[in-house]
Structures are given as C-alpha cells and as structure tokens.
Amino acid sequence: MKSMIVLLGPPGAGKGTQGEKLQTELGYVRLSTGDMLREAVRNGTELGKLAKTYMDSGALVPNDVIIGLMKDKIQSLGKVPGIIFDGFPRTVEQAEALDKELDVDLALNFDVADEALIERLTQRRSCPNPDCQAVYHLVYNPPKCEGKCDKCGSELYQRDDDKAETVKNRLKTYHEKTQPLVDYYTKAGKICTIPGIGDIDEIFAKVKKAIQ
Ligand code: AMP
C-alpha cells in the first residue's frame, strides 16, 4: 500500500474531495497548504496577511514561505500511517524540497480540461467552518437547504479566489508552474493519471486501485 501520496492536478480537479475520502478510508493525514493558508488568513497572522495578496490574485505564495510551512508541519507529525499532500508541491522547487524530507510513493494526477474547471470553480460554494470545510457545487452537488452547509449548518460562501477573473489566473499559474510536475513525477516513475471528470465514487474507485 502506498503511503506517501501527492495529489496533482489543476485547481478544481477534485484533489480536495478525493483527498478527504482517502483520509477517511485509510486514516492518513491530509495536508492541504490551501487550507493552512486560509486558516492563517482567517486568523489574521503575518503569514495570512502575506498569503492573501497572492491568493486573491491567483498567484502562488513564494516557495520559501510554503516550503518552510510544510517542513514544520511534516516534522511535527511524528509517526503516521501515511500522508496525503493536497495542493503541495506546486512547483519543481517545492517537489525537490519534499524529496529531501521523505520518499513520495505516488503522484495521483487528476486530469480535467480548463473549460470544465472554470465551470466547476465558479459554481463552487464552501463551508467556512474550519472543522467542516465541506464543498458544494450549485448544480451538481447543491446543499439540501439553499446557502446552508448540510453537515454543520454554516452559511456557505464563495471563496474570493473562486471568482471568475481569479480562476483564469489560477489556471494560467497552474499551466506555467505546476504542470511541469507531471513530467517530474513521470520521470521518477511515480505518476498515475486519472480522469477527474465523472462520478465522485467511480473516480475514487480508480484512486484506491492506484494506491494498492
Ligand atoms: P488551493 O486551495 O490548494 O487551491 O490553494 C489556494 C491558493 O493558496 C492557491 O491559489 C495559492 O495562492 C495558495 N497555495 C496553496 N498551496 C500552495 C503551494 N503549494 N504553493 C504556493 N501557493 C499555494
């Protein structure tokens, strides 16, 4: 069973959804740099203030900041059955830094075309409760009661970076900075590409097969 897993793919490809399912199924720790940064923004920390300007424009937070954040997090974990990296690494420099910390077993690459991603992200609504963080789609996975989280009842919101203009920038950033990681992990013989379109459970079945 693979235990150090990187989730690759453009924003909105389903990394968070599949990562959460894996976390529940396997008891692995899921580390999402996006969630960590949003928490820092909510708490108004120095990191949060710095990160917000990049996040709101669809750019990446500088490598040294992210690498430092992740290193601290990994070192604070102690012994765990496995780690799912969601949204990290996003640049070759970050991938090289991760390789110095541990051996990645598998990079799961979720493949979705840009047009579908734009539709998914702009229709996405998120739960602001840090202990919940459920995600909905207004058309394909709407909450049972409009505007309210099914799981915890919080008022749903649209992430600032899910607004149309920022989404376009995030995709541009992805193609420039993150897509080269597909090559990086292919060369390392660690990549498994899974189509990220279709039924969530069917995609998850493929994910589970890949980690065997
Ligand atoms: P996510 O929720 O993973 O889509 O991340 C939201 C935003 O946080 C991204 O658009 C970036 O601005 C920032 N971010 C998250 N992870 C990273 C990373 N590994 N490197 C740089 N910036 C990141």
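Start by selecting Gly196, which sits in the loop between strand E7 (191-195) and H9. Keep in mind as you click around that this is a predicted model. Is Gly196 buried or exposed? With a relative accessibility of 2%, Gly196 counts as buried. Now add Cys127 to the selection and draw a distance between the two C-alpha atoms: Gly196 and Cys127 are 69 residues apart along the chain, and their C-alpha atoms are separated by 22 Å.

**Along helix H9**

From the loop, move on into helix H9, residues 200-211, and pick Asp201. Its side chain meets that of Lys21 in a salt bridge, at 3.0 Å from N to O. Asp201 belongs to helix H9 and Lys21 to helix H1 (residues 15-26), so this pair ties together parts that are 180 residues apart in sequence. Show the surface here and you'll find Asp201 partly exposed, at a relative accessible area of 48%. Lys21 is partly exposed too, with 26% relative accessibility.

Stay on the two helices and select Lys208. Which residue does Lys208 form a salt bridge with? The partner is Glu25, and the closest N and O atoms are 3.2 Å apart. Lys208 is in helix H9 and Glu25 in helix H1, so here the parts tied together are 183 residues apart in sequence. Lys208 has a relative accessible area of 30%, which makes it partly exposed, and Glu25 is partly exposed at 45%.

Before leaving, click Ala210, also found in helix H9. This residue counts as buried, at 16% relative accessibility. Select Ala107 with it: the two residues are 103 apart along the chain, and their C-alpha atoms are separated by 9.7 Å.

**More charged pairs**

Side chains of opposite charge can pair when their charged atoms come close. How many salt bridges does a search of the whole structure find? The answer is 17. For a group of them, select Glu20, Arg30, Asp35, Arg38 and Asp86 together, since these residues are linked in a network of salt bridges. Hold on to Arg38, as it turns up again at the pocket below.

Next, go to helix H3 and show the side chains of Lys52 and Asp56. They meet in a salt bridge of 2.7 Å, N to O. Both residues lie in helix H3, 4 residues apart, or about one turn of the helix. Each is partly exposed: Lys52 has a relative accessible area of 32%, while Asp56 comes in at 34%.

**The second largest pocket**

Lys52 and Asp56 also take you to the second largest pocket, as both are in its lining. To see the whole lining, add Arg38, Val41, Arg42, Met55, Pro128, Tyr157, Arg159, Asp160 and Asp161. The space inside comes to about 250 Å³. Which elements give two or more residues to this lining? They are helix H2 (33-43) and helix H3 (46-57).

**Two backbone stops**

Switch to a backbone view and go to Phe88 and Pro89. A cis peptide bond joins these two, with omega at about 0 degrees. Pro89 is in the loop between strand E3 (83-86) and helix H5 (92-101).

Then jump to Gln133, in the loop between strand E5 (124-126) and E6. What is the sign of phi at Gln133? Phi is positive, at about 55 degrees, although Gln133 is not a glycine.

**A nonpolar patch**

Now turn the surface on and select Leu138, Val139 and Tyr140. Together they make a nonpolar surface patch of about 340 Å². Tyr140 lies in the loop between strand E6 (135-137) and helix H7 (164-178). Its relative accessible area is 65%; the cut-off for exposed is over 50%, so Tyr140 counts as exposed.

**Last stop: the cysteines**

Finish by coloring the cysteine sulfurs. How many disulfides does the structure hold? It holds 0. Take Cys145: the nearest cysteine sulfur belongs to Cys149 and is 11 Å away, and Cys145 is in no disulfide. To count as a disulfide, two cysteine sulfur atoms have to be within 2.5 Å. Cys145 is partly exposed, at 48% relative accessibility. Over at Cys192, the value is 23%, and that residue counts as partly exposed as well.

Terms used:
Residues numbered from 1 in each chain as written. Predicted model: local features only at pLDDT ≥ 70, side-chain atom pairs only at ≥ 80, totals over all residues. Heavy atoms only, no water. Patch = residues over 30% accessible without salt bridge, like charges linked within 9 Å, V, L, I, M, F, W, Y side chains within 5 Å. Areas by Shrake-Rupley, 256 points an atom, 1.4 Å probe, with all protein chains shown as cover. Salt bridge = Lys/Arg side-chain N within 4 Å of Asp/Glu carboxyl O. Buried < 20%, exposed > 50% of the residue type's maximum accessible area, 1.4 Å probe, protein only. 1 Å grid on protein atoms, 1.4 Å probe; cavity = no way out; pocket = protein on both sides within 12 Å on 5 of 7 lines; lining within 4 Å. Points joined across faces, edges and corners; volume = space filled by probe spheres on them.
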